[in-house]
Amino acid sequence: MRINSVFPPRYLSAITRQATTNKSAKDIIDSHLILEIKVLLTSTNLPIQEIAHRLHFPDQSYLGRYFKRYTQESLTEYWQRMGIHTNHELT
């Protein structure tokens, strides 16, 4: 069963806007995904490629662009700002 046949996208967005501070379903998903990326970056030494794979990004480059779009900082800038000395591989 497709979720669109049960909950049309506009219905889902309307429900989430009512239940939150006017955030769309996409905004909620993006916020949660950014939080998950930050947790994996700060609490593991997984290579970026593995983090991208675990979170279903097509590749690590896309993960980096996605992260920068929503946080306005690169992965490296995030690590530096957080004072994290990392073994993450950016290749």
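On helix α3, H32, L35 and S43 are exposed. They lie on the other side of the helix from its buried residues. The model is predicted, and what follows describes that model.

Turn to the opposite side of α3. Its buried residues are A25, D30, L33, I34, I37, L40 and L41. Why do they fall on the same side of α3? These residues cover an arc of only 160° around the axis, which puts them together on that side. A general rule of helix geometry is useful here. An α-helix has 3.6 residues a turn, so residues three or four places apart point the same way.

The helix itself runs over residues 25-43. It has 19 residues. From the first C-alpha to the last, α3 reaches 27 Å. That is close to the 27 Å expected at 1.5 Å a residue.

Now take one residue of the buried side. D30 sits in α3. Is D30 buried or exposed? Its relative accessible area is 9%. The cut-off for buried is under 20%, so D30 counts as buried. What does its side chain contact? The side chain of D30 makes a polar contact with the side chain of K26, at 2.6 Å. Beyond residues up to four places away in sequence, D30 touches Y66 and Y70.

Next comes the nonpolar core. The largest one has 17 residues. Among its members, I37, L41, I51 and F57 touch the most others. Four helices each supply at least two residues of this core: α3, α4 (48-54), α5 (60-71) and α6 (75-82). Which helix gives the most? It is α3, with five residues. Two of the names above also appear on the buried side of α3: I37 and L41 are on that list.

Step back to the whole chain. How many helices and strands does the protein chain have? Its secondary structure comes to six helices and zero strands. Along the sequence, the pattern reads α-α-α-α-α-α. The protein chain has 91 residues, and buried residues make up 30% of them.

Contacts and surface complete the picture. Consider the contacts in the protein chain with a separation of 6 or more. Residues 24 or more positions apart account for 46% of these. The accessible surface of the protein chain comes to about 6,600 Å². Carbon and sulfur atoms hold 56% of that surface.

How values were computed: Residues are numbered from 1 along each chain as its sequence is written. This is a predicted model: local features need pLDDT of at least 70, side-chain atom pairs count only at pLDDT 80 or more; totals for chains, interfaces and linings use all residues. Side-chain values use heavy atoms; hydrogens and water are left out. Buried means under 20% relative accessible area, exposed over 50%, partly exposed in between (1.4 Å probe, protein chains only). A polar contact is a pair of N or O atoms within 3.5 Å; within protein, one must be able to donate a hydrogen and the other to accept it, and residues adjacent in sequence count only if both atoms are side-chain atoms. Contact means heavy atoms within 4.5 Å. The expected span of a helix is 1.5 Å times one less than its number of residues. The arc is that of the directions from the helix axis to the C-beta atoms. Accessible areas come from the Shrake-Rupley method with a 1.4 Å probe; for residues, only the protein chains shown count as cover. A nonpolar core is a set of buried Ala, Val, Leu, Ile, Met, Phe, Trp, Tyr and Cys residues joined through side-chain atoms within 4.5 Å.
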